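User: Please take a close look at the place where the ligand sits, and then say what can be added about a few residues elsewhere in the chain.

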Amino acid sequence: MRKIQMVDLQKQYQNIKEEVDSAIQEVINNCTFINGPSVKQFQANLEKYLHVKHVIPCGNGTDGLQVSLMALDLQPGDEVITTTFTFIATAEVIALLKLTPVLVDVDPDTFNISISAVEKAVTNKTKAIIPVHLFGQCVDMESLMKIAEKHNLHIVEDACQAIGADYHFSNGEVKKAGTMGIIGCTSFFPSKNLGCYGDGGAVFTNDDILAKKLRGIVNHGMFVRYYHDIVGVNSRLDSIQAAILDVKLKRLDDYIKRRNAAASFYNQVFANHENIVIPQRHKKSTHVFHQYTLVLKNVDRDKVVAYMKEQEIPVMIYYPVPLHLQKAYEYLSYKKGDLPVSEAFSESVISLPMHTELDDEQLNYITSHLLKAISLSKK
Ligand SMILES: *Cc1c(COP(=O)(O)O)cnc(C)c1O
């Protein structure tokens, strides 16, 4: 059996090697390393795939979130509501811009930001909300958008884990993750669902004025060469990464299917187990399974992790500490017990290997050992 990885990028690469290698070689042959034709081509193809008017490539997902907030002209002290159960980048950019992160709890079913918690957290200083489509499933955007409209708030979607996920509105409209808010962001970090071979990211919007502004911000605040109208940053997707991404974008829907197949395998084994809660599905969203995350009940998780490690099966804890309890954010004065659903998740979740190359032999090996680990670790 092939060694099991959390994400098997090597095997994925082997299957597309020829196409990827020639795409990279073409950029090198032409030496169009920055803003080359591959960047424009990928941008156009991604716009088509997402049914969004503007894709603005940038250096990574974190930059995408940062430039999005910069484009909205928020003022120091303005409050931005986001989830405490996410990767640090989501809150980090808020803090970096001297805005105030307001961290709220998640829904006990979906791991996603709790809509009622958002509503309670709105004050007269609130200017924006950053929902995170965690693990590959969309936040209940229809309900969130109603709150945003009522209080006149911007929504910046963190779709770093959910590219390709579909959200179904009750009027029948279907939209892709990252295209529902005023701006959406994604990351092309290698292990993401659409990953490049280095760092990369992109910002999406249907707003022409914001798109123009975002293109300026990622390019030193420059709209006419060497005339800088606003303070910007340098954040680019390089041409080699764009060429690789264009090869992988064609396969994204197939990759999503493969992730769903692995998730179904896991679900079948773990459904109805008294110590395991399988990923709950939001009825309005498809799931692209960036992570396959279980909740363990009445089980010593450390013991499970140690057992799996002995079997050379990688597992991960996403995320072991919610953001409101992170040292860097002590200044926000949250304390243990403030956001109990997320705190309980951080002590009970476990993510299993999830990627496009898992085969049945590996899935059998993982599931049978996890069942064994749990039977040995009951509390
Ligand atoms: C990966 C990730 C980011 C950051 O993306 P980078 O490209 O690593 O900067 C932000 N938010 C979430 C939810 C992520 O998973």
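Analyst: The ligand's surroundings come first, and a few other residues follow.

This is a predicted model, in which local features need pLDDT of at least 70 and side-chain atom pairs count only at pLDDT 80 or more, while totals for chains, interfaces and linings use all residues. Residues are numbered from 1 along each chain as its sequence is written, and side-chain values use heavy atoms, with hydrogens and water left out.

The ligand is surrounded by 13 residues, the closest being Gly 61, Thr 62, Asp 158, Ser 187 and Lys 192; a residue counts as near when one of its heavy atoms lies within 4 Å of the molecule. By class, this shell has four nonpolar, seven polar and two charged residues, where Ala, Val, Leu, Ile, Met, Phe, Trp, Tyr, Cys and Pro count as nonpolar, Asp, Glu, Lys and Arg as charged, and the others, Gly among them, as polar. Helix H3 (61-71) and helix H4 (89-96) each supply at least two residues of the shell, helices being DSSP runs of H or I with at least four residues, and strands E runs with at least two, numbered from the N terminus.

Turning to individual atoms, an N or O atom in the side chain of Asp 158 is 2.8 Å from a nitrogen atom of the ligand. Oxygen atoms of the ligand are approached by a polar side-chain atom of Gln 161 at 2.8 Å and by one of Lys 192 at 3.0 Å. Of the 380 Å² of accessible area that the ligand has on its own, the protein covers 91%, with areas taken from the Shrake-Rupley method with a 1.4 Å probe and, for residues, only the protein chains shown counting as cover.

Elsewhere, Thr 84 lies in the loop between strand E2 (79-83) and H4. Thr 84 counts as buried because its relative accessibility is 0%, where buried means under 20% relative accessible area, exposed over 50%, and partly exposed in between (1.4 Å probe, protein chains only). The side chain of Thr 84 also makes a polar contact with the side chain of His 324 at 2.7 Å; such a contact is a pair of N or O atoms within 3.5 Å, and within protein one must be able to donate a hydrogen and the other to accept it, with residues adjacent in sequence counting only if both atoms are side-chain atoms.

Asn 35, in the loop between helix H1 (9-30) and helix H2 (37-50), is partly exposed because its relative accessible area is 48%.
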